[in-house]
Amino acid sequence: MNFIVGLEDKLRKGPNNAPRLRVLITDHVDHLLLDYLRNRLGFDVDEMCDLGREGLLNRICDYDILVVRSRTLVDKEVLSRAANLKIIVRAGSGLDNVDLEEAAARGVKVVNAPEGNVYSVAELTIALMMNAARRISFAHNLVREGDWTKVRGTELYGKTLGIIGFGRIGSMVGRIAKCLGMRVLAYDIRDVSDTARLIDAVVVKDMDELLKKSDVVSLHVPLTRETYHLIGKRELWTMKRGAILVNTARGKVVDTKALLEALEEGIIGAAALDILENEPPKEEWELKLINHPRVIVTPHIGAETDEAQRRICEIVISKLEEALKGL
Ligand code: NAD
């Protein structure tokens, strides 16, 4: 508390007692963060969620702090125009939309809050998995059309869930799945045996083994150069016939054209996706995918809960205080 009071004094010591730092917010964030920046720290905050790429490129030079979620791309070009930028706040988890190397080279600090949305994303993952197994959205749409046909699905109890990326979210999904009576396989490039032991999951060293044995495969890896199209045609064709693929990580982790082909050929039983390669989808083949009767798509809502957004704000506020100390 004392520190915050001290920080307010320090940062307000601009000419004419004006706030010293200017903040640009380009994606919707919880009012908690906005209030903190504007009212608690007295910063000059501009919230411009419809700014677009050109607008960002033209205006970024005026700001000290940039606040984004996953929608705003903060790449080399943006950073090259950001002469005054000191801190990027990513109000969420994945950092694939921020060029971390370029930010580091320019001395721009990056803060995020990967701890804030674990329950929300894990719960959505389980919801999508159940929806795909019982074809809930499909059945719901039939009822809306006046069709009372009984839609048959499959149970999850006793089935095998393969989790690729057994970090914060992946292991939480595994924990909930165990409560549903599922067998859980975990694949990760790190040694995750301690976490796996805690929830009675089985670590597999080979991703193909997981793909071959799992009735449901759920993806929880970050998007990196290595994970781009991690699940491509070969991997989809390695999966158990009729298995369900759930992706709440990043759209580009899956080769979506290959996924459409796998669905059309009956290789994959269903796909449940919270994210797509293009958000919103624009290509014809993407529209074909989202209209496939065995596909469920949600518009990147993994972290979109009151609780996660509040938690994310609390975490980035505390990290921001640390980052501001060093300015
Ligand atoms: P995390 O860092 O805790 O876990 C990611 C795990 O993936 C790590 O254990 C890492 O070792 C592993 N990994 C990395 N590369 C791998 C590879 N090639 N093969 C296998 N494992 C690999 O991250 P997290 O907090 O669990 O989040 C996971 C991802 O979920 C995020 O990076 C983000 O892309 C996504 N996410 C999505 C939403 C949403 O709204 N849908 C919200 C939050 C996070």
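## Exercises: the ligand site and the nonpolar cores

In this predicted model, 23 residues surround the ligand, and R168, I169, D188, R190 and D274 come nearest.

**Exercise 1.** Find which atoms of R168, I169 and H300 pair with an oxygen atom of the ligand.

*Solution.* Start with R168: a polar atom of its backbone sits 2.9 Å from a ligand oxygen. Next, look at I169, where a backbone N or O atom is 2.8 Å from an oxygen atom of the ligand. Then go to H300. Here the side chain does the job, with an N or O atom 3.3 Å from a ligand oxygen. Each pair passes the cut-off for a polar contact, which is within 3.5 Å.

**Exercise 2.** Work out how much of the ligand the protein buries, and what classes of residue make up the shell.

*Solution.* Take the ligand alone: it exposes 860 Å². Now put the protein back, and 89% of that area gets buried. Sort the shell by class and you get 9 nonpolar, 9 polar and 5 charged residues.

**Exercise 3.** Trace the largest nonpolar core, starting from the residues that touch the most other members.

*Solution.* This core has 31 residues, and I164, L236 and L259 are the ones to start from. Several elements give two or more residues to the core, among them β7 (183-187), β10 (243-247) and α13 (284-290). The top contributor is α12, with 5 residues. Now zoom in on L259: beyond its neighbours within four places in sequence, L259 contacts L236, L245, V254, I268, A271, L273 and L289. Last step: don't mix in the second, separate core of 30 residues, which includes M129, V184, I199 and V246.

Terms used. Residues are numbered from 1 along each chain as its sequence is written. This is a predicted model: local features need pLDDT of at least 70, side-chain atom pairs count only at pLDDT 80 or more; totals for chains, interfaces and linings use all residues. Side-chain values use heavy atoms; hydrogens and water are left out. A residue is near a molecule or strand if one of its heavy atoms lies within 4 Å of it. A polar contact is a pair of N or O atoms within 3.5 Å; within protein, one must be able to donate a hydrogen and the other to accept it, and residues adjacent in sequence count only if both atoms are side-chain atoms. Accessible areas come from the Shrake-Rupley method with a 1.4 Å probe; for residues, only the protein chains shown count as cover. Ala, Val, Leu, Ile, Met, Phe, Trp, Tyr, Cys and Pro count as nonpolar, Asp, Glu, Lys and Arg as charged, and the others, Gly among them, as polar. A nonpolar core is a set of buried Ala, Val, Leu, Ile, Met, Phe, Trp, Tyr and Cys residues joined through side-chain atoms within 4.5 Å. Buried means under 20% relative accessible area, exposed over 50%, partly exposed in between (1.4 Å probe, protein chains only). Helices (H or I, at least four residues) and strands (E, at least two) are DSSP runs, numbered from the N terminus. Contact means heavy atoms within 4.5 Å.
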